[in-house]
Amino acid sequence: KWTDICDKALHRLTAYINSTLDWVELAFTGGDPIQNHLGQHADGDLAGCKLSKRSSSGAFLAMGGPATFFPFSGCYKKQTFNSHSTNESETAAAWFALRTMGIPTKNLWEVIMSLWNECSHTVPLVFYEDNDACIVNMKTGIAKTLRHLGRTQSIAMHAIKDLFDRGD
């Protein structure tokens with residue numbers, strides 16, 4: 001459903017791209033790979049779509065360390081449900097980021113590091129979140145106001161809590 005709002009958004013996007021043509025992505029690696037960690041960023045936008053009032057999820061994953069910053073992936077996805085709070089939107093974005101990028105990449109890098117080092121090595125997954133209520137919910141695995149997430153959106157709060165308990 002293309003609307004006048006879509007035209008304005010497209011114009012704004014092309015103007016932004018045109019004004020930032022000299023910006024480049026920067027990645028660098030160095031130092032001991034064992035000191036590196038995966039940095040997972042996630043953010044949710046409550047009712048970001050003006051027409052459907054659907055929220056959106058954004059995620060970014062990079063390898064970081066004392067002498068390393070290497071972006072792996074970033075993505076944006078409109079959520080398939082209407083969130084009722086910022087906390088719900090942020091939790092859905094966190095679960096989306098961990099499920100699709102963070103956990104699979106962590107597993108892959110642990111295999112790569114064990115082949116390179118010839119011993120098992122745990123690659124830490126550091127998760128960055130900017131919503132305090134969401135952080136508390138993920139650490140405890142309990143969210144009384146978000147009890148419905150497991151049924152309606154298949155978000156496993158206890159799985160997120162287990163990741164925190166393991167040190168990731």
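Is serine 85 buried, partly exposed or exposed? Select serine 85 and check: at 25% relative accessibility, serine 85 counts as partly exposed, because buried means under 20% relative accessible area, exposed over 50%, and partly exposed in between (1.4 Å probe, protein chains only).

Before you click on, a word about the model. This is a predicted model, in which local features need pLDDT of at least 70 and side-chain atom pairs count only at pLDDT 80 or more, while totals for chains, interfaces and linings use all residues. Residues are numbered from 1 along each chain as its sequence is written, and side-chain values use heavy atoms, with hydrogens and water left out.

**The overall view**

Switch to cartoon and colour by secondary structure. You should find five helices and four strands, where helices (H or I, at least four residues) and strands (E, at least two) are DSSP runs numbered from the N terminus. Walking from the N terminus, the order is α-β-β-β-α-β-α-α-α. Of the 168 residues in the protein, 34% are buried. Now for contacts, meaning heavy atoms within 4.5 Å: take those between residues at least 6 apart in sequence, and 62% of them join residues at least 24 apart.

**Helix 1**

Select residues 4–19, which form helix 1. The expected span of a helix is 1.5 Å times one less than its number of residues. For the 16 residues here that gives 22 Å, and the end C-alpha atoms are 23 Å apart, which agrees.

Next, show the side chain of threonine 3. Threonine 3 caps the N-terminal end of helix 1, with a side-chain oxygen 3.3 Å from the backbone nitrogen of isoleucine 5. That pair is a polar contact: N or O atoms within 3.5 Å, where, within protein, one must be able to donate a hydrogen and the other to accept it, and residues adjacent in sequence count only if both atoms are side-chain atoms.

Move along helix 1 to threonine 14. Threonine 14 is partly exposed, with a relative accessible area of 42%, and its side chain reaches the backbone oxygen of histidine 11 at 2.9 Å.

**A stop for the cysteines**

Pick out cysteine 6 and cysteine 75. Cysteine 6 counts as partly exposed at 23% relative accessibility, and cysteine 75 does too, at 28%. How many disulfides does the structure hold? Zero, taking a disulfide as a pair of cysteine sulfur atoms within 2.5 Å.

**Strand 2 and the loop before helix 2**

Select serine 56, in strand 2 (residues 56–65). Serine 56 is buried, with a relative accessible area of 7%. Leave aside its neighbours within four places in sequence, and serine 56 is in contact with Asp43, Gly44, Asp45, Tyr76, Lys77, Lys78, Gln79 and Ser89.

Now go back to serine 85, in the loop between strand 3 (68–78) and helix 2. Put a distance line from its C-alpha atom to that of aspartate 45: the two are 40 residues apart along the chain and separated by 9.8 Å.

**Helix 2**

Helix 2 covers residues 86–117, and glutamate 90 lies in it. Glutamate 90 is buried, with a relative accessible area of 4%. Not counting residues up to four places away in sequence, glutamate 90 touches Ala42, Asp43, Gly44, Glu129, Asp130, Asn131 and Cys134. Asparagine 131 is 41 residues from glutamate 90 along the chain, yet their C-alpha atoms are separated by 7.2 Å.

Lysine 106 is in helix 2 as well. At 7% relative accessibility, lysine 106 counts as buried, and its side chain makes a polar contact with the side chain of glutamate 110 (2.7 Å).

**Last stop: helix 3 against helix 5**

Show helix 3 (residues 132–140) and helix 5 (residues 157–165) together. They pack at an angle of about 85°, with their axes 6 Å apart. That makes helix 3 roughly perpendicular to helix 5, since angles of 65 to 115 degrees count as roughly perpendicular, under 35 as roughly parallel, over 145 as roughly antiparallel and the rest as oblique. Axes are lines fitted to C-alpha atoms, for helices over the stretch in contact, and angles run from 0 to 180 degrees between N-to-C directions. To see the contact itself, show Asn137, Met138, Lys139 and Thr140 of helix 3 and Met157, Ile160, Lys161 and Phe164 of helix 5.
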